[in-house]
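Here is a quick walk through the fold you have on screen. Take a look at it first, then read on.

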Amino acid sequence: MPWKKLDIDAEIQKECDASPEFKKMWEESREEYRLVGEMIRLRKQHNLTQSQLAQLAGKKQQIISRIEKHECAPSVRQFSNILNALGYEL
C-alpha cells in the first residue's frame, strides 16, 4: 500500500470550518503550546535545568518535564508560580 500525502493544515482548516467546537478547541491548544514554548525559552535563557526551575518554583522536576512535553496542562496557578520563579508575571 503506497503512502498517501496529507496536507495537515488543509485538514485542520476543513475541520475548523465544519465545527465551531473543534475550531475553538484547536485555537485554545495552539495558545497553550505557545505559552509552554515561551516558558521553555525563558528557562533556557536563564540557563536553568528543569530540576533547578522546579526547585525555584517549589515543584518536582517531573512536573516541569510533563508540562514541557505537553503531557499535562498546568493550571493557571501552577503556570503563574513557574513564571514567577523565572522572574516574570502572567
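## Ahead of the first helix

D7 comes out as partly exposed, with a relative accessible area of 47%. You'll find D7 in the segment before helix 1. How far apart are the C-alpha atoms of D7 and L48? They are separated by 37 Å, with the two positions 41 residues apart along the chain.

## How far to trust it

Keep in mind that this is a predicted model. The protein chain averages a pLDDT of 92, and 99% of the residues score at least 70. Where is confidence lowest, and where is it highest? Helix 1 (residues 8-18) has the lowest, at a mean of 91, while helix 3 has the highest, at 97.

## Where helix 1 meets helix 2

Helix 1 and helix 2 pack with their axes 5 Å apart, at an angle of about 125°. That angle makes helix 1 oblique to helix 2, because it is neither in the 65 to 115 range that counts as roughly perpendicular nor over 145, as roughly antiparallel would need.

On the helix 1 side, the residues that take part are I12, E15, C16 and A18, and they meet P20, F22, K23 and W26 of helix 2. Sorted by character, the residues of this contact come to six nonpolar, two charged and no polar.

## Helix 2, end to end

Helix 2 covers residues 20-45, which is 26 residues. At 1.5 Å a residue, helix 2 should span 38 Å, and its end C-alpha atoms sit 37 Å apart, so the two values agree.

Which residues of helix 2 are buried? They are V36, M39, I40, L42 and R43. These buried residues pack against three other helices: helix 3 (50-57), helix 4 (61-68) and helix 5 (76-85).

## V36 up close

V36 is a good one to zoom in on. It is found in helix 2, and its relative accessible area is 2%, so V36 counts as buried, the cut-off being under 20%. Leaving aside residues up to four places away in sequence, V36 touches I67, E68, H70 and F79. V36 and I67 are 31 residues apart in sequence, yet their C-alpha atoms are 7.3 Å apart in space.

A73 gives another distance to check from V36. Their C-alpha atoms are separated by 9.1 Å, with the two residues 37 apart along the chain. A73 has its place in the loop between helix 4 and helix 5. Is A73 buried or exposed? At 52% relative accessibility, A73 counts as exposed, since the cut-off is over 50%.

## Two loop residues with positive phi

Most residues other than glycine have a negative phi. Which residue follows helix 2 with a positive phi? That is N47, with phi near 55°. N47 lies in the loop between helix 2 and helix 3, and at 68% relative accessibility it counts as exposed.

H70 is another case: it is not a glycine, but its phi is positive, about 65°. H70 sits in the loop between helix 4 and helix 5. With 28% relative accessibility, H70 counts as partly exposed. H70 is also one of the residues that V36 touches.

## Helix 3 against helix 5

Helix 3 and helix 5 pack with their axes 8 Å apart and at an angle of about 105°. The two helices are therefore roughly perpendicular to each other, since angles from 65 to 115 degrees fall in that class. The contact uses L53, L56 and A57 from helix 3, and N81, I82 and A85 from helix 5. Its residues divide into five nonpolar and one polar, with no charged residue.

Helix 3 also holds S51. S51 is partly exposed, at a relative accessible area of 44%. How far apart are S51 and Q61 in space? Going C-alpha to C-alpha, S51 and Q61 are 4.8 Å apart, and in sequence they are ten residues apart.

Note on methods:
Residues numbered from 1 in each chain as written. Predicted model: local features only at pLDDT ≥ 70, side-chain atom pairs only at ≥ 80, totals over all residues. Heavy atoms only, no water. Helix = DSSP H or I, 4+ residues; strand = E, 2+ residues; numbered from the N terminus. Expected span 1.5 Å × (residues − 1). Buried < 20%, exposed > 50% of the residue type's maximum accessible area, 1.4 Å probe, protein only. Contact = heavy atoms within 4.5 Å. pLDDT = per-residue confidence, 0-100. Axes fitted to C-alpha atoms, helices over the stretch in contact; angles between N-to-C directions. Parallel < 35°, antiparallel > 145°, perpendicular 65-115°, else oblique. Nonpolar A, V, L, I, M, F, W, Y, C, P; charged D, E, K, R; others polar.
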